[in-house]
Amino acid sequence: MKKFVSIALASLMALVLFAGCGGGSGAASGGSTAANDSTPASTGGTGSAAGSEAAPANTGNAEFEFNVNYTVPESSGKGLKDYCDSIEEQSGGRIKFNHYFANSLMSIPEIPKGLQDGIADISYMPVTNYQQQFPLNAQILAVPFLGLPNLQAASDIFAKLYEEFPELSDEMTSQGITPLSSYPNAPYQIMMASGTEIKVPEDMNGLKLINSSPELSELIAQSGGAPVNQPPTEYYSSLEKGVADGVINHLPAGMAFGILPELTEQVILFGDKGLYYNYVITGMRTASLEKLPEDLQALFFGDNVDTMRQTEVDVMSGTVDACVKMQEDAGKTIVTLTDDEIKVWQDATVDFREATISALEADQPVARAIYDRAIELIAEYDS
């Protein structure tokens, strides 16, 4: 019964990543003006004014319709849904959005091509799933123990990097997708099906841990453990049957896939920094954006983006708090590592972080500059 309660709660709260059939592209015929400097591709919301004044009311049918794909249920897509509602209102009825929740339009692996082909016009894009297609966006800030201080900082720092490095948005716009905004998933922690304590890497010796980070997989193996690569849909079965001893993922994923708190005898927290973060980009089909006249294009940037980004952070933060409370209310163990214990993990992953950045740098030299600037921004945030 507890399993079904966890899954039901997940459908209301969890901001997890992950599935469809398609519809047509959004923009209807009408005036077509290409995007220009007043509508930059920036997840930082630094474009032209958001057009906070509503456009004149339009009592007829909408001139432009867009299909919006969500990787989460409606209750968890508040940031993007509110963003679309604001644009509809500010457009005076000239723009209409059709919303498709919980991967009902297309699956996560299909999203980039689905946007390019016009199956959807706007979609959440969990970029960890497209590491080869968008390596700068997906890999640099996701290296373990980078030190992003918390959810808010992770959001602000990524937005700042977007302002300073056009290569991040170029990586997407060159493939026909305009990044509108971004938000970080919750920090990754360790969820254990047993009471086995993990405080330093060596404690993973003999343990089978489900994990998707290449760097952490190397650390697990180096420490005598066995990294297991499985999708979240297999978490419950694997922990229940002893195929794996634990899972490294963010807590909302554990809740969404039914293991937290039913099977998580112990949750090991690496503080607000976690083991690492990854990001979800809100992307828009560039061809759809460019069909809009300039006054309507402006609505997709500026204040509307800033509000969406902050809402995503607030919802995610609340979901993490709910997960911790569920674990506590179930009488299960929560272990929070000390700063000294976390530093052991940071030191143990230095070479793995460097190997990832060096490999990216060999192909795209700007990767090193982005990484170094991220380190500077983290230091500034901490101070």
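In what order do the five strands of the open sheet with mixed pairing stand? The legends below take up this question and then turn to other close-up views of the model, which is a predicted one.

**View 1. The open sheet of five strands.** In this sheet the strands follow the order β2-β1-β3-β10-β4, and their pairing is mixed. Strands β2 (95-100) and β4 (177-184) form the edges, each of them pairing on one side only. Between neighbouring strands of this sheet the turn averages 25 degrees when direction is ignored.

**View 2. The pairing of β1 with β3.** Strand β1, which covers residues 64-69, and strand β3, which covers residues 122-126, are paired in the parallel sense over two bridges. Within this pairing V68 is found opposite I122 of β3. Helix α12 packs on the sheet, where it touches β3, β4 and β10 (279-285), and the direction of the helix makes about 35 degrees with that of β4.

**View 3. The open sheet of six strands.** Here the order of the strands is β7-β6-β8-β5-β9-β11, again in an open sheet with mixed pairing. Because β7 (226-228) and β11 (333-336) stand at the edges and have a single partner strand each, one side of each is left without a neighbour in the sheet. From one strand to the next, the twist averages 25 degrees.

**View 4. The pairing of β6 with β7.** Strand β6, made up of residues 208-210, is joined to β7 by three bridges, and the two strands pair in the parallel sense. Across this pairing, I210 stands opposite V228, a residue of β7.

**View 5. Helix α12 on β9 and β11.** Helix α12, spanning residues 303-329, lies across β9 (266-269) and β11, and it runs at about 125 degrees to β11.

**View 6. The contact of α13 with α14.** Two packed helices are described by the angle between their axes and the distance between the axes. For helix α13 (residues 339-348) and helix α14 (residues 350-363), the axes come within 4 Å and cross at roughly 45 degrees. With this crossing, α13 is oblique to α14. On the side of α13 the contact is made by Q346, D347 and A348, while V350, F352 and R353 make it on the side of α14. Sorted by character, the residues of the contact of α13 with α14 comprise three nonpolar, one polar and two charged.

Technical notes
Residues numbered from 1 in each chain as written. Predicted model: local features only at pLDDT ≥ 70, side-chain atom pairs only at ≥ 80, totals over all residues. Heavy atoms only, no water. Pairing = 2+ DSSP bridges. Axes fitted to C-alpha atoms, helices over the stretch in contact; angles between N-to-C directions. Contact = heavy atoms within 4.5 Å. Parallel < 35°, antiparallel > 145°, perpendicular 65-115°, else oblique. Nonpolar A, V, L, I, M, F, W, Y, C, P; charged D, E, K, R; others polar.
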